[in-house]
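Visitor: I am new to this structure and would like a close look at one part of it.

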Amino acid sequence: MKHSILVDFEVGNLLNKKSKEKQDLSILNECLSNQFWRLNNLYSISDKKGQKIKFNFNNVQNQFFHEMHNKNIILKARQFGFTTFCSIFLLDYCLFNRGIRAGQLAHNVDDAKVFFRDKVLYAYQNLNSHLKQALPLKKNESGEILIAHDNNFKQLSGIRVGTSLRSGTLQLLHISELGKIAAKYPEKALEIKTGTLNSISSDGIVIIESTAEGREGLFFDMCQKAMYNAKKSQPLTALDYKFHFFPWWKNPDYSLNVSAKEQQQIIVPERLSEYFAKLALDENIILTENQKLWYALKETEQGDEIKREYPSTAEEAFEQSIDGAYYSTQLDYLYKNNAINKVGYDPNLGVETYWDLGIRDEMTIWFAQKTNSEIRIIDYYECTDKGLNSVIEDLKAKKYHYSRHVAPHDIMVRELSSGRSRWEISADLGLNFDIAPRMSLMDGINAVRQILPFCKFDAAKCELGIKGLQMYRKSWDAKNGIWGDKPVHDLASHRADSFRMLAIAIDFDINYEKRQSLLTKNQQQYHQNDLENNHNSWT
């Protein structure tokens with residue numbers, strides 16, 4: 001996307017008062033009218049050693065600048081400098097355009113302070129003195145600067161940096177780490193969706209950048225839609241988001257330059273060699289030996305987080321579960337062992353259902369069949385504001401042979417309006433519930449952790465339910481900067497609550513020694529590590 005920039009002051013006299021040659025002035029005006037030139041010549045940043053250096057695009061920033069749409073969503077690996085790029089980009093736009101309002105949204109207060117002080121304000125303060133004289137600050141406080149374009153301070157452009165930008169219309173917006181915002185602060189993500197993004201003018205520029213945080217949430221949903229748009233042949237509209245992906249192997253720093261002798265001392269596991277070969281075969285991603293060595297060593301540091309923090313493909317970036325998720329280890333195990341795939345209904349086995357019955361909330365149901373060695377999760381159902389009679393009709397329409405239905409104990413509570421419990425109402429409708437045993441929340445969560453490795457999920461029919469298990473996470477204590485001891489109450493918690501009913505009520509042999517004989521060696525090792533770390537028929 002090309003941007004028209006107006007330079008309407010005597011920049012030659014300002015930058016070099018001694019210069020009187022018209023040719024020099026013409027060249028200088030031409031340079032300052034070119035946004036690419038300005039961004040790569042006018043601004044300074046502080047490097048990792050704290051030294052002032054001139055800002056120049058790296059290869060990824062350069063690619064993004066030339067491929068920008070007005071609405072952009074970036075899925076990325078770590079340390080590509082997009083926050084710095086966006087800070088300079090917003091500042092430049094405000095300096096060379098009148099009446100612009102730009103916003104930069106960080107995922108926490110500390111980051112917002114750093115963005116403003118060390119990036120936006122630092123770049124302005126280190127501008128050429130003549131430019132600062134021509135474009136003085138009218139305001140510099142509370143994470144906001146206002147730049148004056150005239151002597152009367154009436155024509156202003158400005159940048160606000162914070163964790164909330166709901167009020168006022170913006171022409172430019174940068175959101176950093178939306179994935180983390182959606183995972184830790186779902187209410188803030190909703191505010192961004194309904195407030196901040198709606199404050200952008202129709203032709204405004206939006207840049208959203210983040211690493212992945214699980215398969216649900218605002219960032220995930222926006223990425224999926226943008227990825228779908230990328231596959232279509234139609235041109236993007238001004239309201240469509242363009243998808244950009246920048247994998248770790250595009251960063252030239254992510255390569256280990258060592259001697260041949262040192263290379264021999266670094267062991268690359270066979271599974272990683274197979275992974276690199278698969279990238280080459282399936283994705284045409286050809287890595288150098290030095291890149292492979294870097295990745296192998298980085299994986300020893302990052303562990304299971306490697307694909308989220310340093311993804312090779314967009315798809316694998318979302319494979320990892322989010323921070324604070326209760327079942328991340330177990331679900332990662334299922335994915336690695338292809339246990340979330342296609343699981344068919346076996347008419348020779350009864351289907352058991354496990355419920356979480358919401359009042360004005362989501363009602364969620366898991367459908368399971370079990371053998372001696374595994375639990376097959378064949379289906380999942382959820383709804384909102386539906387009566388029991390409608391839900392029961394929906395279950396009948398599935399044509400399963402049901403052997404058991406299990407609900408939490410609160411199904412026995414009598415409703416004030418009718419004086420009857422939902423257990424009684426459902427019985428009158430032909431569905432008889434067993435009541436799940438009472439168990440503390442954490443004991444129930446641990447029961448899920450124990451049972452998950454023995455489950456196989458139908459990926460298509462259980463997609464929403466699986467997302468709930470992935471997103472079921474501890475609440476975040478922003479004041480103390482730690483995870484709380486209770487889960488976030490949201491849609492994911494409803495989906496996870498009904499699966500907790502399955503874990504504590506299913507009649508599956510919980511004798512550890514006996515069940516061990518039914519497991520593969522991989523499952524046995526997994527369970528050993530895990531231990532060390534912590535009826536009525538109706539058709």
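Visitor: How many residues does α5 have, and how far does α5 reach from its first C-alpha to its last?

Guide: α5 has 14 residues and reaches 20 Å from its first C-alpha to its last. That is close to the expected 20 Å, where the expected span is 1.5 Å times one less than the number of residues. Helices here are DSSP runs of H or I with at least four residues, strands are runs of E with at least two, and both are numbered from the N terminus. The model is predicted, with local features needing pLDDT of at least 70 and side-chain atom pairs pLDDT 80 or more, while totals for chains, interfaces and linings use all residues. Residues are numbered from 1 along each chain as its sequence is written, and side-chain values use heavy atoms, without hydrogens and water.

α5 is mostly covered, with 14 of its 14 residues buried. Buried means under 20% relative accessible area, with a 1.4 Å probe and protein chains only.

α5 also gives the most to the largest nonpolar core, namely ten residues. Such a core is a set of buried Ala, Val, Leu, Ile, Met, Phe, Trp, Tyr and Cys residues joined through side-chain atoms within 4.5 Å. This core has 59 residues, and those touching the most other members include Tyr43, Phe85, Phe89, Leu91 and Leu95. Among the other elements that give two or more residues to this core are α4 (59-67), α6 (109-125) and β9 (200-210).

Beyond four places in sequence, Tyr43 is in contact (heavy atoms within 4.5 Å) with residues including Ile88, Leu91, Asp92 and Leu95. Another core, of 36 residues, lies apart from the largest one, and Tyr326 and Val406 are among its members.

Definitions and conventions: Buried means under 20% relative accessible area, exposed over 50%, partly exposed in between (1.4 Å probe, protein chains only).
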